[in-house]
Amino acid sequence: MNIEYYESFEKELEAGLKKQATASVKKFVDSFKSREEIKNWVWSYLPNLEKNRHSCIRYEIFINLVYPILKEGFESKDYNSTLWLGKLIQNVYKTKGIFEELGSLVEMDFYRKCYEIDSSNSEGRTLLLESILNWLSHCEHEWPSGILYAMDGATLEQCELIRKETDFAFTLASTERDIAFIEKFLSNLSLYEERLNKSLKQDS
């Protein structure tokens, strides 16, 4: 592995030299001599990524170096590999065939699998809670018109699924802000369920 190619890639990318950057990243990918060398580099590279909520890395690096290592780890229930597939979910979505290859799992699913592997890991618990709360925010973003499930109004059966996720989020929440959000959401969900039940009685 020749790290100088990667350093050139970063400098050229920053300077807006797209063609040169593309050539350098290809040389870098091609410079690896073994899978073990790739694995060692990947696990030194990932922790130094910007800790934004949705990291998204260069396609050539993801598909040729990072993804094969994470996929192998994910299939053997490795915690860190599973966690990073959640963190790199934008790459998973954008890379043709990868989303389906991984079982069509979304961000929340990867973090939930992390929880199943090790429920005590604080980073995994935090990311799982954040993903659930973001989903709940989507569910109620048209309130007081209603509660959504996907893009449509939730049915009573879907409300049960939403409530189950909300109750689980309660077990992960530790801050007053998160707890208050969940309590308010549950209140709105109950009002919505009452509305649905009333509508069903009127129709029957």
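Here is a short chat about the predicted model shown above.

Reader: To get my bearings, how many helices and strands does the protein have?
Author: Going along the sequence, the pattern reads α-α-α-α-α-α-α-α-α-β-β-α-α. Counting up the secondary structure of the protein gives 11 helices and two strands.

Reader: What is the radius of gyration of the protein, next to that of a compact globule?
Author: Start with the C-alpha trace, which spans about 70 × 35 × 30 Å along the principal axes. A compact globule of 204 residues would come out near 17 Å. The radius of gyration of the protein, though, is 21 Å.

Reader: What share of the 204 residues is buried?
Author: A residue counts as buried when its relative accessible area is under 20%. The accessible surface of the protein is about 12,000 Å², and carbon and sulfur atoms hold 50% of that. As for the buried share of the 204 residues, it's 39%.

Reader: Among contacts between residues at least 6 apart in sequence, what share joins residues at least 24 apart?
Author: Take L189 as an example: leaving aside neighbours within four places in sequence, its contacts are I147, C159, I162 and R163. For the protein, counting contacts between residues at least 6 apart, the share joining residues at least 24 apart is 63%.

Reader: How far apart are the mean positions of the positive and negative charges?
Author: The protein has 26 positive charges and 34 negative ones. Take the mean position of each set, and the distance between the two is 4 Å.

Reader: How many salt bridges turn up in a search of the whole structure?
Author: Side chains of opposite charge can pair when their charged atoms come close. One such pair here is E60 and R58, whose side chains meet at 2.7 Å, N to O. R58 is partly exposed, with 25% relative accessibility. Searching the whole structure, the number of salt bridges is seven.

Reader: Which residue forms a salt bridge with D30, and where do the two sit?
Author: The closest N and O atoms of the pair are 2.9 Å apart. Both residues belong to helix α2 (residues 18-30), and because they are four residues apart there, about one helical turn separates them. D30 is partly exposed at 47% relative accessible area, while its partner counts as exposed at 52%. That partner is K26.

Reader: Which helices are tied together by the salt bridge of K87 and E123?
Author: The two side chains meet at 2.6 Å, N to O. K87 lies in one helix and E123 in another, so the pair ties together parts that are 36 residues apart in sequence. The helices are α5 (residues 79-87) and α9 (residues 122-139).

Reader: Is K87 buried or exposed?
Author: Its salt-bridge partner E123 is partly exposed at 35% relative accessibility. K87 has 10%, and the cut-off for buried is under 20%. K87 therefore counts as buried.

Reader: Which peptide bond is cis, with omega near 15°?
Author: Most residues other than glycine have a negative phi, and most peptide bonds are trans. To find this cis bond, look in the loop between α9 and β1 (148-149), where P144 lies. The bond runs from W143 to P144.

Reader: Which residue has a positive phi near 55°, despite being something other than glycine?
Author: Look at the loop between α7 (98-101) and α8 (107-117). The residue there counts as partly exposed, with 38% relative accessibility. The name to look for is S104.

Reader: What about A150: what is its phi?
Author: A150 sits in the loop between β1 and β2 (152-153). It is partly exposed, at 46% relative accessibility. A150 is a residue other than glycine with a positive phi, near 65°.

Reader: How far apart in space are L189 and H141?
Author: L189 is in helix α11 (residues 176-203), and it is buried, with a relative accessible area of 0%. Along the sequence, L189 and H141 are 48 residues apart. In space, C-alpha to C-alpha, the distance is 12 Å.

Reader: And how far apart in space are D167 and I182?
Author: D167 is found in helix α10 (residues 156-172) and counts as partly exposed at 39% relative accessibility. D167 and I182 are 15 residues apart in sequence. Their C-alpha to C-alpha distance is 8.4 Å.

Note on methods:
Residues numbered from 1 in each chain as written. Predicted model: local features only at pLDDT ≥ 70, side-chain atom pairs only at ≥ 80, totals over all residues. Heavy atoms only, no water. Rg over C-alpha atoms; globule rule 2.2 N^0.38 Å. Buried < 20%, exposed > 50% of the residue type's maximum accessible area, 1.4 Å probe, protein only. Contact = heavy atoms within 4.5 Å. Areas by Shrake-Rupley, 256 points an atom, 1.4 Å probe, with all protein chains shown as cover. Lys, Arg positive; Asp, Glu negative; His and termini not counted. Charge placed at Lys NZ, Arg CZ, Asp CG, Glu CD. Salt bridge = Lys/Arg side-chain N within 4 Å of Asp/Glu carboxyl O.
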